[in-house]
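The following exercises concern aromatic ring pairs and the packing of helices. Please work through each task with the structure in view before reading its solution.

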Amino acid sequence: MGESSISSDIIRGHLDAIILRVLSEGDNYGYEIIKAIAKNSGGQYELKEPSLYTSLKRLEGQKLIASYWGDETQGGRRKYYRLTPEGAEAYERALAAWKVAKELIDQLIERKG
């Protein structure tokens, strides 16, 4: 297991929170969510479509997001996703949990002075 696969595994474990964060900035559809995650990572992480849609389906089943069809006048219709109030609360809980875990992992792994 290489360095990049370890990083990918860590990121994959927080994929739902990452998607909730993107949707906290506004309604969006699949391809744009993938682009936003790539942009937010500085191009270091590329989310694959199957992983995105598996996570979106799970989040919608948990009622943390809701979907609706856009009313595009040109091209195919897009399915948009929006954060629900429960999703906003779940994002805040995930963010708080991440901060605690990050600090603990830093203490356990980093060698200081």
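**Exercise 1: The tyrosine cluster**

In this predicted model, Tyr29, Tyr68 and Tyr80 are linked into a cluster by ring pairs. Task: determine how many aromatic pairs the structure holds, and classify the pair of Tyr29 and Tyr80 as stacked or edge-to-face.

Solution.
1. The structure contains 2 aromatic pairs.
2. For Tyr29 and Tyr80, the ring centres lie 5.3 Å apart and the planes stand at 80 degrees. Planes over 60 degrees apart count as edge-to-face, so this pair is edge-to-face.
3. Tyr29 belongs to strand E1 (residues 28-29) and Tyr80 to strand E3 (residues 79-83), so their pair ties together parts 51 residues apart in sequence.
4. Tyr68 and Tyr80 form a stacked pair, with 5.7 Å from centre to centre and 15 degrees between the planes.
5. Because Tyr68 is in strand E2 (residues 65-69) and Tyr80 in strand E3, this pair joins parts 12 residues apart in sequence.
6. Tyr29 is buried, at a relative accessible area of 14%; Tyr80 is buried at 17%; Tyr68 is partly exposed at 33%.

**Exercise 2: Two helices in contact**

Task: describe how the axes of helix H2 and helix H3 cross, and state which residues make the contact.

Solution.
1. The axes of H2 (residues 15-24) and H3 (residues 30-40) come within 10 Å and cross at roughly 100 degrees.
2. H2 is therefore roughly perpendicular to H3.
3. H2 contributes Ile18, Ile19, Arg21, Val22 and Leu23 to the contact, and H3 contributes Ile33, Ala36, Ile37 and Asn40.
4. These contact residues comprise 7 nonpolar, 1 polar and 1 charged.

Terms used. Residues are numbered from 1 along each chain as its sequence is written. This is a predicted model: local features need pLDDT of at least 70, side-chain atom pairs count only at pLDDT 80 or more; totals for chains, interfaces and linings use all residues. Side-chain values use heavy atoms; hydrogens and water are left out. Axes are lines fitted to C-alpha atoms, for helices over the stretch in contact, and angles run from 0 to 180 degrees between N-to-C directions. Helices (H or I, at least four residues) and strands (E, at least two) are DSSP runs, numbered from the N terminus. Angles under 35 degrees count as roughly parallel, over 145 as roughly antiparallel, 65 to 115 as roughly perpendicular and the rest as oblique. Contact means heavy atoms within 4.5 Å. Ala, Val, Leu, Ile, Met, Phe, Trp, Tyr, Cys and Pro count as nonpolar, Asp, Glu, Lys and Arg as charged, and the others, Gly among them, as polar. Rings of Phe, Tyr and Trp (its six-membered ring) pair if their centres lie within 6.5 Å; planes under 30 degrees apart count as stacked, over 60 as edge-to-face and the rest as tilted. Buried means under 20% relative accessible area, exposed over 50%, partly exposed in between (1.4 Å probe, protein chains only).
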